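Student: I would like a close look at one part of this model, please. Could you take me through it slowly?

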Amino acid sequence: MAQFFSVHPDNPQARLLKQAVQLLNQGSVLAVPTDSSYALVCHLDDKNAADQLRRIRGVDDKHHLTLLCRDLSELANYARVDNRQFRAIKQATPGAFTFILEATKEVPRRVSHPQRKTIGLRVPEHKVLQALLELHGAPLLAATLIMPGEALPLNDPEEIRERLEHQVGAVIDAGACSLEPTTVIDMTGNTPEVLRQGQGDRALLGL
């Protein structure tokens with residue numbers, strides 16, 4: 001049975017988020033709110049949890065998972081970025097953007113794209129998720145909470161608990177999120193390429 005943590009969207013209760021961090025450290029997948037939509041997250045270094053996250057989503061290892069980072073200094077540990085890329089990303093961070101970047105050796109090979117050796121990175125702008133990342137002390141591996149065969153992410157915390165109560169360790173309820181996903185930008189080429197237009201305004205990147 002999934003635990004259910006109802007937290008204040010602006011001032012989340014630290015004691016509840018600490019319990020959520022404990023579950024992450026024990027290998028659970030959690031459903032959490034973000035500034036775009038609800039997402040599934042797990043510990044970056046836990047292979048079984050990452051496999052469970054992929055099973056819930058119904059995706060294989062060619063599906064880009066995303067690292068949720070607290071800030072840009074953390075991002076630099078996990079992706080190779082030159083000055084041009086860094087300046088562009090800084091203009092749109094934090095926010096509803098996912099950047100596809102070349103992964104460093106800090107990223108386990110099993111979670112980067114098998115052919116391209118790339119990873120999605122994101123600095124979210126959501127107070128609850130930022131507080132969770134701060135308490136966790138490291139990036140979290142994440143995927144949008146879209147169920148197999150469905151077009152839209154799940155957005156109602158009660159429905160998420162009902163449908164995933166035997167597949168996730170907990171649901172963090174901070175109210176409904178947007179149903180619009182992040183804008184995905186591939187930064188690995190000579191010029192940024194929009195792979196998916198979502199909530200993030202591409203004009204922030206001059207695109």
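Student: At what angle do the axes of helix 1 and helix 5 cross, and within what distance do they come?

Tutor: Happy to help! This is a predicted model, in which local features need pLDDT of at least 70, side-chain atom pairs count only at pLDDT 80 or more, and totals for chains, interfaces and linings use all residues. Residues are numbered from 1 along each chain as its sequence is written, and side-chain values use heavy atoms, with hydrogens and water left out.

Let us begin with your two helices. Two packed helices are described by the angle between their axes and the distance between the axes. Helix 1 covers residues 14–25 and helix 5 covers residues 127–136; their axes cross at roughly 60° and come within 9 Å. That makes helix 1 oblique to helix 5. Under 35 degrees would count as roughly parallel, over 145 as roughly antiparallel, 65 to 115 as roughly perpendicular, and the rest as oblique. The axes are lines fitted to C-alpha atoms, for helices over the stretch in contact, with angles from 0 to 180 degrees between N-to-C directions. Helices (H or I, at least four residues) and strands (E, at least two) are DSSP runs, numbered from the N terminus. The crossing of helix 1 with helix 5 is right-handed, a term for the near helix being turned clockwise from the far one by less than a right angle.

Now for the residues that meet there. From helix 1 come Ala 14, Leu 17, Lys 18, Ala 20, Val 21, Leu 24 and Asn 25, and from helix 5 come Val 128, Ala 131, Leu 132, Leu 135 and His 136. Contact here means heavy atoms within 4.5 Å. By class, this contact of helix 1 with helix 5 has nine nonpolar, two polar and one charged residues. Asp, Glu, Lys and Arg count as charged; Ala, Val, Leu, Ile, Met, Phe, Trp, Tyr, Cys and Pro as nonpolar; and the others, Gly among them, as polar.

Helix 5 also holds Leu 129. Leu 129 is buried, with a relative accessible area of 1%; buried means under 20%, exposed over 50%, and partly exposed in between, using a 1.4 Å probe and protein chains only. Apart from residues up to four places away in sequence, Leu 129 touches Val 32, Pro 33, Thr 34, Leu 68 and Pro 124. Glu 165 is 36 residues from Leu 129 in sequence and 21 Å away in space, C-alpha to C-alpha.

Next, look at how buried residues group together. In soluble globular proteins, nonpolar side chains tend to be buried together. A nonpolar core is a set of buried Ala, Val, Leu, Ile, Met, Phe, Trp, Tyr and Cys residues joined through side-chain atoms within 4.5 Å. The largest nonpolar core has 44 residues, and Leu 40, Leu 67, Phe 99, Leu 121 and Leu 145 touch the most other members. A second, separate core of 21 residues includes Val 21, Leu 24, Leu 129 and Ala 170. Two of these names, Val 21 and Leu 24, are ones you have just met in helix 1.

To see the largest core from one of its members, pick Phe 99. Leaving aside neighbours within four places in sequence, Phe 99 is in contact with Ile 89, Ala 92, Thr 93, Ile 119, Gly 120, Leu 121, Ile 185, Met 187 and Leu 205. Thr 93 is joined to Pro 94 by a cis peptide bond, with omega about -5°. Pro 94 sits in the loop between helix 4 (83–91) and strand 6 (97–103).

Leu 121 is also in contact with Ala 79, a residue of strand 5 (residues 79–80). Ala 79 is buried, with a relative accessible area of 3%. Leu 101 is another contact of Ala 79; the two are 22 residues apart in sequence and 5.9 Å apart in space, C-alpha to C-alpha.

One last stop is Lys 117, in the loop between strand 6 and strand 7 (118–122). Lys 117 has a positive phi of about 55° although it is not a glycine. Lys 117 is partly exposed, at 34% relative accessible area.
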